[in-house]
Amino acid sequence: MFTVAGLVCKGKAYGCGSDKYFREAAGAALGIGLGSTAALAASQVTSHAAPRRRSERFTAVSYLWWLFAVVSVAAFVAAMLPGMVSRRQKIFISLAPVVPFLVLLGFAALYEKSVTKWLPVYGAVLLAGALSVVGHWKALRTFMTWRSENPGKPDEEGPGTPWILQLTLTLPVFFSAAILYGR
């Protein structure tokens, strides 16, 4: 659905000399399917109208961004899971990447934007979270053990959280790089 809508926008924006090329591109998308292959085929059909813009580069390599997102989720879960001590904490960390992805899908549907364009930001935030605990697994495990034993107490009363400083350094760097790349 997003691919066909993107083709409609691209066909009108580029002003393909005749509607023949646009109809061929839309037909190719519907005939082949709504995957990146159809979008690539459609962009090849209408590529004579204008040079490739930056937003089209995301379509051509969308499978790499999806792979990057999957690798980011795996890195986040692999980095955070060893620090969790209770089953409840492990379930929470395993489902943590799903919530921002659902927000991303909602944003894309509401504003009719491409999900693929925002995947670098999604992956960057998850990688920053994963890198924030690198080297601090023992402190994270100590804190999570204290947290599971004292559920009502504020975090300030517990053991130190040295990974927060590392998160404040990695998150802006990764997030800024992803935003700049997406522009």
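**Exercise 1. Is Leu105 buried, partly exposed or exposed, and what is its relative accessibility?**

Before solving, a word on the model. This is a predicted model, in which local features need pLDDT of at least 70 and side-chain atom pairs count only at pLDDT 80 or more, while totals for chains, interfaces and linings use all residues. Residues are numbered from 1 along each chain as its sequence is written, and side-chain values use heavy atoms, with hydrogens and water left out.

*Step 1.* Recall the cut-offs: buried means under 20% relative accessible area, exposed means over 50%, and partly exposed lies in between (1.4 Å probe, protein chains only).
*Step 2.* Leu105 has 33% relative accessibility, so it counts as partly exposed.
*Step 3.* Now place the residue: Leu105 sits in helix 7. Helices (H or I, at least four residues) and strands (E, at least two) are DSSP runs, numbered from the N terminus.
*Step 4.* For a distance to check on screen, take Trp118, 13 residues from Leu105 along the chain; their C-alpha atoms are separated by 9.6 Å.

**Exercise 2. Find the nonpolar surface patch and say which helix gives the most to it.**

*Step 1.* Patches are made of residues with over 30% relative accessible area and no salt bridge; like charges are joined within 9 Å, and nonpolar side chains (Val, Leu, Ile, Met, Phe, Trp, Tyr) within 5 Å.
*Step 2.* Select Ile91, Leu95, Val98, Leu102 and Leu105, which make a nonpolar patch of about 430 Å². Accessible areas come from the Shrake-Rupley method with a 1.4 Å probe; for residues, only the protein chains shown count as cover.
*Step 3.* Helix 6 (87-95) and helix 7 (98-111) each supply at least two of the patch residues.
*Step 4.* Helix 7 gives the most, with three residues.
*Step 5.* A handy rule: an α-helix has 3.6 residues a turn, so residues three or four places apart point the same way.

**Exercise 3. Locate the salt bridge and describe its two partners.**

*Step 1.* The criterion is a side-chain nitrogen of Lys or Arg within 4 Å of a carboxyl oxygen of Asp or Glu.
*Step 2.* The structure holds one such bridge. Its partners are the side chains of Arg147 and Asp155, at 3.2 Å from N to O.
*Step 3.* Check the exposure of each partner. Arg147 is partly exposed, at 28% relative accessibility, and Asp155 is partly exposed too, at 39%.
*Step 4.* Side chains of opposite charge can pair when their charged atoms come close.

**Exercise 4. Compare Ser72 and Ala78: which is buried, and which is exposed?**

*Step 1.* Ser72 is in helix 5 (residues 62-80), and Ala78 is found in helix 5 as well.
*Step 2.* Ser72 has a relative accessible area of 1%, so it is buried.
*Step 3.* Leaving aside neighbours within four places in sequence, Ser72 is in contact (heavy atoms within 4.5 Å) with Gly123, Leu126 and Leu127.
*Step 4.* Ala78 is at 52% relative accessibility and therefore counts as exposed. Its C-alpha atom and that of Ser94, 16 residues apart along the chain, are separated by 9.3 Å.

**Exercise 5. Test the length of helix 10 against its expected span.**

*Step 1.* The expected span is 1.5 Å times one less than the number of residues.
*Step 2.* Helix 10 (residues 163-182) has 20 residues and should therefore span 28 Å; its end C-alpha atoms are 28 Å apart, which agrees.
*Step 3.* Look along helix 10 for its buried residues, including Trp163, Thr170, Ala178 and Gly182.

**Exercise 6. Which residue that is not a glycine has a positive phi?**

*Step 1.* The residue is Glu112, with a phi of about 55°.
*Step 2.* Glu112 lies in the loop between helix 7 and helix 8 (115-132).
*Step 3.* Glu112 has a relative accessible area of 70%, so it is exposed.

**Exercise 7. Sum up the chain and its confidence.**

*Step 1.* The chain has ten helices and zero strands.
*Step 2.* Buried residues make up 31% of the 183 residues.
*Step 3.* The chain exposes about 11,200 Å², and carbon and sulfur atoms supply 68% of that area.
*Step 4.* The mean pLDDT (the predictor's confidence in each residue, from 0 to 100) is 74, and 67% of residues reach 70 or more.
*Step 5.* Over residues 1-49, pLDDT stays under 50; for this stretch the model has 44 contacts beyond four places in sequence.
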